[in-house]
Amino acid sequence: MLQKDIEEILITEENIQEKIAELGAQLTTDYQDKFPLAVGVLKGALPFMSDLIKRIDTYIELDFMDVSSYGNATVSSGEVKIVKDLNTSVEGRDVLIIEDIIDSGKTLNYLVDLFKYRKAKSIKIVTLLDKPTGRKVDLKADYVGFLVPDAFVVGYGLDYAEKYRNLPYIGVLKKEIYSF
Ligand code: PRP
Ligand code: MN
Ligand code: MG
């Protein structure tokens with residue numbers, strides 16, 4: 001039913017799961033002797049986080065942040081507001097931020113600064129998708145699943161007007177859905 005709104009599937013469910021297994025193996029190695037705090041950025045990171053953590057075979061603690069950008073739905077203003085903060089202190093912790101996509105980079109830029117201010121021991125970013133053409137601030141992820149083109153991508157956590165997060169793949173939304 002949802003697929004009728006999708007122009008093209010960019011990354012299949014199988015592609016995603018294969019990549020997550022690779023990322024999980026790498027993170028397992030890199031965090032072997034640590035106890036990182038994995039911070040999922042709601043709501044987009046939820047499906048990715050859920051699948052990724054099952055592929056990390058070492059001790060990890062989970063927590064969540066919910067942040068939102070001010071302004072309208074399609075263009076982020078870059079001002080970030082905390083909707084739900086962590087329950088855990090990051091002081092002295094190895095923090096692994098889990099995101100679905102980096103676009104302008106402003107959300108993660110804000111979180112990295114915040115966790116530095118709160119004295120995290122280390123801060124790394126794992127993102128399923130990276131859209132380098134959208135970048136407005138200098139920000140690089142440590143672990144990237146896929147690069148995506150400058151298209152309106154939805155699914156696997158990514159929404160358009162809060163819809164399509166529950167698609168198991170990443171697709172390009174048909175133009176008629178968002179332009180009227
Ligand atoms: C989306 C996405 C990232 C952020 C990326 O979240 O999930 O968190 O935007 O954009 P940026 O690099 O330009 O900051 P959004 O704020 O739409 O909230 P959501 O995760 O609840 O959809
Ligand atoms: Mn998000
Ligand atoms: Mg969103």
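## Pro 47, its helix and the chain around it

Leaving aside residues up to four places away in sequence, Pro 47 touches Tyr 156 and Gly 157. This is a predicted model. Pro 47 belongs to helix 2, which covers residues 46–53. It counts as buried because 20 C-beta neighbours lie inside 10 Å, and 20 or more is the cut-off for that class. Pro 47 and Phe 152 stand 105 residues apart in sequence. In space, their C-alpha atoms are 19 Å apart.

### The chain as a whole

The chain holds 4 helices and 9 strands. Read from the N terminus, the order of elements is β-α-β-α-β-β-β-α-β-β-β-β-α. The radius of gyration is 16 Å, close to the 16 Å that the globule rule gives for 180 residues, so the chain is as compact as a globular protein of that length. Along the principal axes, the C-alpha atoms fill a box of roughly 50 × 35 × 25 Å. Of the 180 residues, 30% are buried. Among contacts with a separation of 6 or more, 66% join residues 24 or more positions apart.

### Helix 1

Helix 1 runs over residues 13–30. Its 18 residues should span 26 Å at 1.5 Å a residue, and the end C-alpha atoms are 26 Å apart, which agrees. Which residues of helix 1 are buried? They are Ile 16, Ile 20, Leu 23 and Leu 27. Seen down the helix axis, these buried residues fall within an arc of 70°, so they line one face of helix 1. On the other side, Glu 14, Glu 18, Glu 22 and Thr 29 are exposed. The cover over the buried residues of helix 1 includes strand 1 (6–11), helix 2, strand 6 and strand 7 (143–147).

### Pro 36

The loop between helix 1 and strand 2 contains Pro 36. Pro 36 is buried, because 21 other C-beta atoms lie within 10 Å. Its contacts, not counting residues up to four places away in sequence, are Tyr 31, Ile 60, Asp 94, Val 95 and Leu 96. Lys 140 is 104 residues from Pro 36 along the chain, and 20 Å separates their C-alpha atoms.

### Helix 3

Helix 3 takes in residues 106–117. For its 12 residues, 1.5 Å a residue gives an expected span of 16 Å; the end C-alpha atoms are 16 Å apart, which agrees. The buried residues here are Lys 106, Thr 107, Leu 108, Leu 111 and Phe 115. Strands feature in what covers them: strand 2 (37–42), strand 3 (61–69), strand 4 (80–84), strand 5 (94–102) and strand 6 (122–130) are included. After helix 3 comes Lys 119, with a positive phi near 65°.

### The shell around ligand 1

How many residues surround ligand 1? There are 17, and the closest are Lys 43, Gly 44, Asp 103, Ser 104 and Thr 107. Thr 107 is also one of the buried residues of helix 3. Strand 2, strand 3, strand 5 and helix 3 each supply at least two residues of the shell. Strand 5 gives the most, with 4 residues. By type, the shell divides into 4 nonpolar, 7 polar and 6 charged residues.

### Backbone exceptions

Most residues other than glycine have a negative phi, and most peptide bonds are trans. The table lists departures from this pattern.

| Site | Backbone value |
|---|---|
| Leu 42 and Lys 43 | cis peptide bond, omega about -5° |
| Lys 119 | positive phi, near 65° |
| Ala 161 | positive phi, about 50° |
| Tyr 164 | positive phi, about 75° |

Lys 43 of the cis bond sits in the loop between strand 2 and helix 2. Lys 43 is also among the closest residues to ligand 1. Ala 161 is in the loop between strand 8 (153–154) and strand 9 (170–173). Tyr 164 too lies in the loop between strand 8 and strand 9.

Is Ala 161 buried or exposed? Ala 161 counts as exposed, because it has 10 C-beta neighbours inside 10 Å; the limit for that class is 12 or fewer. Tyr 164, by contrast, counts as buried, because 21 C-beta neighbours lie inside 10 Å.

Key. Residues numbered from 1 in each chain as written. Chains lettered and ligands numbered in written order. Predicted model: local features only at pLDDT ≥ 70, side-chain atom pairs only at ≥ 80, totals over all residues. Expected span 1.5 Å × (residues − 1). Contact = placed C-beta atoms within 7 Å. Near = placed C-beta within 6 Å. Nonpolar A, V, L, I, M, F, W, Y, C, P; charged D, E, K, R; others polar. Arc of directions from axis to C-beta. Rg over C-alpha atoms; globule rule 2.2 N^0.38 Å.
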